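Please work through the following exercises with the sequence and the model open beside you. Each task is followed by a solution that goes step by step.

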Amino acid sequence: MDDSVSLASLSPGQKGKITALDLPGAQKGRVMEMGLTAGTTIEVIKVAPMGDPVQYKVRGGHISLRKAEAALIQVQLLT
Amino acid sequence: MAEALFRRVAIAGNPNTGKSTIFNALTGLRQKVGNYPGVTVEKKTGRFFGSHGEAMELIDLPGSYSLQVRSPDEAVARDLLLGRVAGEPRPDVIITVVDASNLDRHLYIVAQMLELGIPVVVALNMVDVAEARGLTIDLLELKERLGVPVIPMVASNATGIIELKQAVSRTPLPKPERRAQFPIVFETEIAHLARLTAAPAESSRMEAMLYLSLDEQGLREANLSPTLYAAVLAGQTRLRGAGIDPISAPVDARYDWVATICSAVVHRRGEDNEGLTISDRLDMILTHKVWGWVAFVAMMSLMFFCIFTVASYPMDWIDAGVSALKNWTADQIPAGNFQSLLVDGVLSGVGGVVVFLPQILILFFFLGILEDSGYMARAAFIMDRLMSRVGLHGKSFVPMLSSFACAIPGVMATRTIENRKDRLVTILVAPLMSCSARLPVYIVMIAVMLPAAGALQRAGIMLCMYALGLIAAFVMAWVFKKTLLKSETPMLLLELPPYRAPIIRGIAQRMWERATIFLRRAGTVILALSIVLWALLTYPKPENPEATKSEALAHSIGGRMGHAIEPVIAPLGFDWKIGIGIVASFAAREVFVGTMGQIYNIEEADEENEGLREQMRAEKRPDGSPLFTPLVCLSLMVFYVLAMQCVSTVAIVRRETGGWTWPLFQIAYMTALAYLGSLIVYQGGKLLGFQ
């Protein structure tokens, strides 16, 4: 777990493997149902023009999350 | 239709999978839009016939990602599938539409559907897209693994529709037997809880599963009996004790199951890396830091420009048609009260509104394209930061954008917003967006204000009016979020679906629906209002038969009402005739134009060849100065931008919020805002030396 970082700290082009979701109950369920489960690879695609939210690619689809929530998702950086 | 129904079929799936296209392809024009009993969500149903002519009902469920709902829209799909809706039995079969090019994510909802105990047919849509991306799907293996029929389809060109009909009319339809396996402890808890629920045996398992994975708040809101509530809490505690998170365990189990299936049935041709798709390339421009905004403004400008230029041709035809009809009527019927009622009341009033049909259709055409192409989600993406500043999220932007067409679909579109307070805030501000009913008022006022202006200049002023509504909506949303409906900024979780070429047939069908609604309104509400207005402006007749038309108008009930409110609206620069228009348009804004038409036609019927605009421009105040100065026109437009003048919206807000509190509050705050806005424009403008 020592090499896990928050999803919000990744820059466009970087990929990570989700290790933990520290979001509150219902939000966690919601995020997971969109495909962000532990062990899934997630890639940062781009940041919205005004700096937030961020577009991610996960399970072949594109999902957008704000940095505030992404900060609560832990990933293991993939190189 | 008294014929016996062979089967009731529900069609479900994630948003953006072509669900409506399949619905339309199956039912054609045999559709009807109604409401679910008790709730306000629109229920779209249709008829279709099986391979041997069996009549079946097709129920279009709102697109949803899960049965574990977070929005009123998804609640409808869940309640219907679980048989929770009184008087609506569970469907006999569920068509689940999935995007073949992204099975990794789309099979998730299939996994849930298979847990319901209802026969499922999977419509594997967009196999052409999957093929183009180099994906091969082993259909036999997929059928085998899911244990239900799988129909490959390309709904946009009706490929697979016949096979789909065959699949749902087959007898018997076996119940699904395969599904994702949850941890054994979880299954035990489900079985235990299922016995305690009041639900019928077939749906009790799913009910129990859904209760178990609710969080504290969701559980409180579920209105369970004290016994059941305690049992769910105890079950959750036991699960946590066994090291199982009740929220993530079922999701993990389903996705694991989906992943196993996908690795067995989806084969990639060629190199693993698919490279940049067309969709990715489009995104490089459309959500780019600079080009994204340029594209957004360009699209909006093009839309408004078309509303002005392209629409003017059919509008001229309608105008000419109405004039011809008026002349013909006047020739057929001897002059008198009845002729006046038909020509000045009915034809002027209704004709003045119907003429805007082309512009409304163009607006719906553009919004339809933006929606179907997937651009709306991008607009929400680039706008989210702005929306989060006022405490909302990007999803609130879509209802607001729809409100540019009409606040009614806008208010209905708020159903995708999870949080109740955010939904209310969005409903409260949505009617501030300039809807198409305001368009007639803007068009006439701009023409009166700047007779010599070109199309570009007019579009510019129009854009300013739209911007004013948008800014007012933002400011008011911020105010409401800080005061009345205080709550935290909600989480954003937005899918950015791949761009797709919009299907013109689907858009045309919706335009047709809107046109029908608009014309029905013109034929009922506006027709009735036109007649009432005509009567108000005609009676009582002055005792002196030599009275001028202007004196007769002042003598009428309408004239007296206008005079009565004149002191109140005089600070805004309005006289009593404009007052009549404002009073009249409290039911529907577009009536203003018709009313002005009636007022001035009645007054100067001798110059009936002159258009309304010229007549308004020629209008003088008692002191001889022109009434409709540019400043008065602007003040009047600002009033119409901000005021709530639409009975239909009031009715839909009452339905959606479940009471009179919010619609009455909305009328009050918007009227105050409109008065204040006009006052500032007129008095401020005068101080600055404008006329």
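The exercises below move from the chains as wholes to single residues, then to one helix and the contact between the chains.

This is a predicted model, in which local features need pLDDT of at least 70 and side-chain atom pairs count only at pLDDT 80 or more, while totals for chains, interfaces and linings use all residues. Residues are numbered from 1 along each chain as its sequence is written, and chains are lettered from A and ligands numbered from 1 in the order in which they are written.

**Exercise 1. Describe the make-up and the dimensions of chain A.**

Begin with the secondary structure, where helices (H or I, at least four residues) and strands (E, at least two) are DSSP runs numbered from the N terminus. Chain A comes to 2 helices and 6 strands, and from the N terminus on its elements run β-β-α-β-β-β-α-β. Next, take the radius of gyration, which is computed over C-alpha atoms and compared with a globule rule of 2.2 Å times the number of residues to the power 0.38. For 79 residues the rule gives 12 Å and chain A has 11 Å, so the chain is as compact as a globular protein of that length. Finally, the C-alpha trace of chain A spans about 30 × 30 × 25 Å along its principal axes.

**Exercise 2. Carry out the corresponding analysis for chain B, and locate its largest nonpolar core.**

Chain B has 31 helices and 10 strands, and its C-alpha trace spans about 95 × 55 × 50 Å along the principal axes. A compact globule of 691 residues would have a radius of gyration near 26 Å, and the 29 Å of chain B agrees with this.

For the interior, a residue is called buried if 20 or more other C-beta atoms lie within 10 Å of its own, exposed if 12 or fewer do, and partly exposed in between, with C-beta atoms placed from the backbone. By that criterion 47% of the 691 residues of chain B count as buried. A nonpolar core is a set of buried Ala, Val, Leu, Ile, Met, Phe, Trp, Tyr and Cys residues joined through C-beta atoms within 7 Å. The largest such core has 214 residues, and those with the most contacts inside it include B:I11, B:M445 and B:M637. Helix α29 (residues 630-642) of chain B gives the most to this core, with 10 residues.

To follow one member, use the contact criterion, namely that the C-beta atoms of two residues, placed from the backbone, lie within 7 Å. Not counting residues up to four places away in sequence, B:M445 touches B:C633, B:L636 and B:M637.

**Exercise 3. Find backbone geometries in chain B that depart from the usual pattern.**

Most residues other than glycine have a negative phi, and most peptide bonds are trans. Against this background, the bond from B:T171 to B:P172 is cis, with omega near -10°, and B:P172 lies in the loop between α6 (161-169) and α7 (184-196) of chain B. The bond from B:Y539 to B:P540 is cis, with omega near -10°, and the loop that holds B:P540 runs between α23 (504-538) and α24 (549-555) of chain B.

Turning to phi, B:N16 has a positive value of about 65° although it is not a glycine. B:N16 is found between β1 (7-13) and α1 (19-27) of chain B, and counts as partly exposed because it has 18 C-beta neighbours inside 10 Å.

**Exercise 4. Which residues of α7(B) are buried, and how are they arranged?**

The buried residues in α7(B) are B:F186, B:E189, B:I190 and B:L193. Seen down the helix axis, their directions (taken from the axis to the C-beta atoms) fall within an arc of 105°, so these residues line one face of α7(B). They pack against α8 (201-212), α10 (226-241) and α11 (248-265) of chain B, whereas the face turned away from the buried side carries the exposed residues B:I184, B:A191 and B:R195.

**Exercise 5. How many residues does the contact take from chain A and from chain B?**

The contact takes 29 residues from chain A and 33 residues from chain B. On the side of chain A that touches chain B, the largest share, 9 residues, comes from α1(A). The residues of that side divide into 10 nonpolar, 11 polar and 8 charged, where Ala, Val, Leu, Ile, Met, Phe, Trp, Tyr, Cys and Pro count as nonpolar, Asp, Glu, Lys and Arg as charged, and the others, Gly among them, as polar.
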